[in-house]
Amino acid sequence: MEKLAIIGGTGLTSINTLEITQREVMHTPYGEPSGPLTHGKMCGREVVFLARHGTGHTIPPHMVNYRANLWALKELGVEKILAVAAVGGIREDMPPGKIVIPDQIIDYTYGRDHTLFESDLTHVTHIDFTEPYCNEMRGLIIEACQSSGIDFTDNGTYGATQGPRLETAAEIDKMERDGCHLVGMTGMPEASIAREFELCYATCAVVANWAAGRSEGPITMEEIDRHLSSGMERVAAILHHLTPYCYPT
Ligand code: HPA
């Protein structure tokens, strides 16, 4: 069985159904990961959990050490990664609370350490990123959504913004013209570094709010928290149905 890791985003700093066996502090050639790596068992199978923003949710999206996080998971023998991410909904069928399994990415981030291939190279490396998410992992998440009976969308283009501020309405209009359906701040360079490490990585996005300018008034943290807590209950159901890791055992 390939070892699975779950990277938890805003709203998912721990997993109730994970029977924790050990917490491991790791140091990497890229510096410190977001926090200790939590080893545990989900339905009897080994799973590693990492809270992307740190255990106390103190690391903002542009300060996450994506290279260290993925190096640590690779070092632990992880092969598949399910990344949970809070997003804003742009497309009409992606209202707050909706679960989306995106299939494409547009990257608007800047100034982040975004590659493993920049020094001590024997040759220049260009990874293929035509399909940025691992279809095998996407398929497992989609099947789990189907068998848990939740309302979800199995495609969408994730626009990764720099943050930590939210976007302007005009930026969201531009992103929509570009073809983005969702907006979040952590999807990149997490997905591309995972590909550089040859890890099978896919995202389960939870819509926390309508993106800027897509609803009346400002976006509040209260609104985001409310939708995330119900969204995370759906994520827990998805994890519970994640064949072959959990259901049927
Ligand atoms: N924009 C960017 N990132 C987000 C949003 C948003 O509206 N909601 C949750 N993460």
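In this predicted model, Arg52 and Glu190 form a salt bridge whose closest N and O atoms are 2.8 Å apart. Arg52 sits in the loop between β4 (45-51) and α1 (66-75), while Glu190 belongs to helix α4 (residues 187-196), so the pair ties together parts that are 138 residues apart in sequence. Arg52 is buried, because its relative accessibility of 1% falls under the 20% limit. Glu190 is buried too, with a relative accessible area of 1%.

The Arg52–Glu190 pair is one of 13 salt bridges in the structure. Side chains of opposite charge can pair when their charged atoms come close.

A further salt bridge joins Glu176 and Arg214, with the closest N and O atoms 2.7 Å apart. Glu176 is part of helix α3 (residues 169-178) and Arg214 is in the loop between β11 (200-210) and α5 (221-240), so this pair ties together parts that are 38 residues apart in sequence. Glu176 counts as partly exposed at 38% relative accessibility. Arg214, at 23%, also counts as partly exposed.

Within helix α5, Arg226 and Glu222 lie four residues apart, about one turn of the helix. Their side chains meet in a salt bridge at 3.3 Å, N to O. Arg226 is partly exposed, with a relative accessible area of 45%. Glu222 counts as exposed because its relative accessibility is 52%, and the class begins over 50%.

The N to O distances of these pairs are listed below.

| Salt bridge | Closest N to O distance |
|---|---|
| Arg52–Glu190 | 2.8 Å |
| Glu176–Arg214 | 2.7 Å |
| Arg226–Glu222 | 3.3 Å |

Salt bridges also link Glu2, Lys80 and Glu136 in a network.

Apart from the pairs, there is a patch of negative charge on the surface, where Asp103, Asp128, Glu131 and Asp154 gather. One member of the patch, Asp128, is placed in the loop between β7 (104-107) and α2 (135-148). Is Asp128 buried or exposed? Asp128 is exposed, as its relative accessible area is 52%. Residues enter such a patch with over 30% relative accessible area and no salt bridge, so Asp128 at 52% meets the area condition.

Methods:
Residues are numbered from 1 along each chain as its sequence is written. This is a predicted model: local features need pLDDT of at least 70, side-chain atom pairs count only at pLDDT 80 or more; totals for chains, interfaces and linings use all residues. Side-chain values use heavy atoms; hydrogens and water are left out. Patches are made of residues with over 30% relative accessible area and no salt bridge: like charges are joined within 9 Å, nonpolar side chains (Val, Leu, Ile, Met, Phe, Trp, Tyr) within 5 Å. Accessible areas come from the Shrake-Rupley method with a 1.4 Å probe; for residues, only the protein chains shown count as cover. A salt bridge is a side-chain nitrogen of Lys or Arg within 4 Å of a carboxyl oxygen of Asp or Glu. Lys and Arg count as positive and Asp and Glu as negative; His and the chain ends are not counted. The place of a charge is taken as NZ of Lys, CZ of Arg, CG of Asp or CD of Glu. Helices (H or I, at least four residues) and strands (E, at least two) are DSSP runs, numbered from the N terminus. Buried means under 20% relative accessible area, exposed over 50%, partly exposed in between (1.4 Å probe, protein chains only).
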